[in-house]
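User: I'd like a close look at one part of this model, the sheet and whatever packs around it. Could you walk me through it in plain language?

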Amino acid sequence: MKDASSATPTPAPTAVNLTALGTGSGEVEAETPMDFTPLAGLVRSLYVGNYQPFFLALAAVEETFLSQDRYLYEHRGWFVREMRLRGYQQLLQSYRVVGLSSMANDFGISVDFLDRDLAKFIAADRIPCTIDRVNGIIETNRPDDKNKQYSDVVKQGDSLITKLQKYGQAVRLRGSERG
């Protein structure tokens, strides 16, 4: 058994920069600090419901993070679109009818851009609402629980009837084989 006083302590493991590992240089490069204030501003403004700063922070996040990273670069369009959708959904969730111009002012965008952008999401059934451009309003269509329950019962009933018909055909075929 070794004496505890003569044992040398093992050195603590240090962090290794994997990009400098294959270069052959013995120096460890220090990582540059990143500024996460645009990302924090994006999350804070969405949480609080300040949509104009939300869109500005979304543009800053796209410039500072998504456009600079080679892995996130190809997904930046998807991320920006989904975050815009999140903002639209959050605002429309609170109201039954919203003025098109007031929503455009809240987001700091033009009415035409909002109309085109919302139309894409409405056509894809991502936002349950309709745009009345003549009256300048957006009306949300909230499916209530009774309608959802009714449609679920109809779907399950159709599935059950189809299964019973298939089972009945299989039983009739086997019954005719006996005779």
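**The sheet and its surroundings**

Analyst: Gly99 stands opposite Ile137 in β3. That pair is a handy way into the sheet, but keep in mind that this is a predicted model.

Let's zoom out a little from there. β1 and β3 pair in the antiparallel sense, over 3 bridges. On the other pairing, β2 joins up with β3 (residues 137-140), again antiparallel, and here there are 4 bridges. Put together, you get an open sheet of 3 strands in the order β1-β3-β2, with antiparallel pairing. The edges are β1 (97-99) and β2 (129-132), each of which pairs on one side only. On average, neighbouring strands in this sheet are turned by 20 degrees against each other, ignoring direction. As a general reminder, it's backbone hydrogen bonds that hold sheet strands in their pairs, whether parallel or antiparallel.

If you want to trace the β2 side by eye, two bridge partners help. Cys129 is matched with Thr140 of β3, and Ile131 is matched with Ile138 of β3. β2 and β3 form a hairpin with 4 residues between the strands, and in that hairpin Gly136 takes a positive phi near 70 degrees.

Now, which residues of β3 sit on the covered face, and which on the uncovered one? Ile138 and Thr140 are on the covered face, while Ile137 and Glu139 are on the uncovered one. That fits the general pattern, in which side chains of a regular strand alternate between the two faces of the sheet. Looking back at the bridges, Ile137, the residue across from Gly99, belongs to the uncovered face. Ile138, the partner of Ile131, belongs to the covered face.

What about the helices around the sheet? Helix α5 (residues 100-107) lies across β1, β2 and β3, and runs at about 70 degrees to β1. Helix α6 packs on the sheet as well, touching β2 and β3, and its direction makes about 145 degrees with that of β2.

α6 covers residues 111-123, and Asp117 is part of it. Is that aspartate buried or exposed? Asp117 is buried, since its relative accessible area is 2%. Leaving aside neighbours within four places in sequence, Asp117 is in contact with Arg84 and Tyr88. If you're clicking through side chains, that trio is worth displaying together.

Move on along the chain and you reach the loop between α6 and β2, where you'll find Asp125. This aspartate is exposed, with a relative accessible area of 69%. Its backbone deserves a glance too: phi of Asp125 is near 60 degrees, a positive value in a residue other than glycine.

Back to α5, which also has a helix for a neighbour. α3 and α5 pack at an angle of about 50 degrees, their axes 5 Å apart. The two helices are therefore oblique to each other. On the α3 side the contact uses Tyr51, Gln52 and Phe55, and on the α5 side Asn105, Asp106 and Phe107. Sorted by class, that contact of α3 with α5 comes to 3 nonpolar, 2 polar and 1 charged residues.

One step further out, α3 (residues 51-66) also meets α2 (residues 37-48): their axes come within 8 Å and cross at roughly 155 degrees. That angle makes α2 roughly antiparallel to α3, and the crossing is left-handed. α2 contributes Pro38, Leu39, Gly41, Leu42, Ser45 and Leu46 to the contact, and α3 contributes Pro53, Phe54, Ala57, Leu58, Ala60, Val61, Thr64 and Phe65. By class, the α2 contact with α3 has 11 nonpolar, 3 polar and no charged residues.

Finally, here is where your part sits in the whole. The chain has 7 helices and 3 strands, and from the N terminus on the order is α-α-α-α-β-α-α-β-β-α. Of its 179 residues, 22% count as buried. Among contacts between residues at least 6 apart in sequence, 54% join residues at least 24 apart.

Note on methods:
Residues numbered from 1 in each chain as written. Predicted model: local features only at pLDDT ≥ 70, side-chain atom pairs only at ≥ 80, totals over all residues. Heavy atoms only, no water. Axes fitted to C-alpha atoms, helices over the stretch in contact; angles between N-to-C directions. Parallel < 35°, antiparallel > 145°, perpendicular 65-115°, else oblique. Left-handed = near helix turned anticlockwise from the far one by under 90°. Contact = heavy atoms within 4.5 Å. Nonpolar A, V, L, I, M, F, W, Y, C, P; charged D, E, K, R; others polar. Buried < 20%, exposed > 50% of the residue type's maximum accessible area, 1.4 Å probe, protein only. Pairing = 2+ DSSP bridges.
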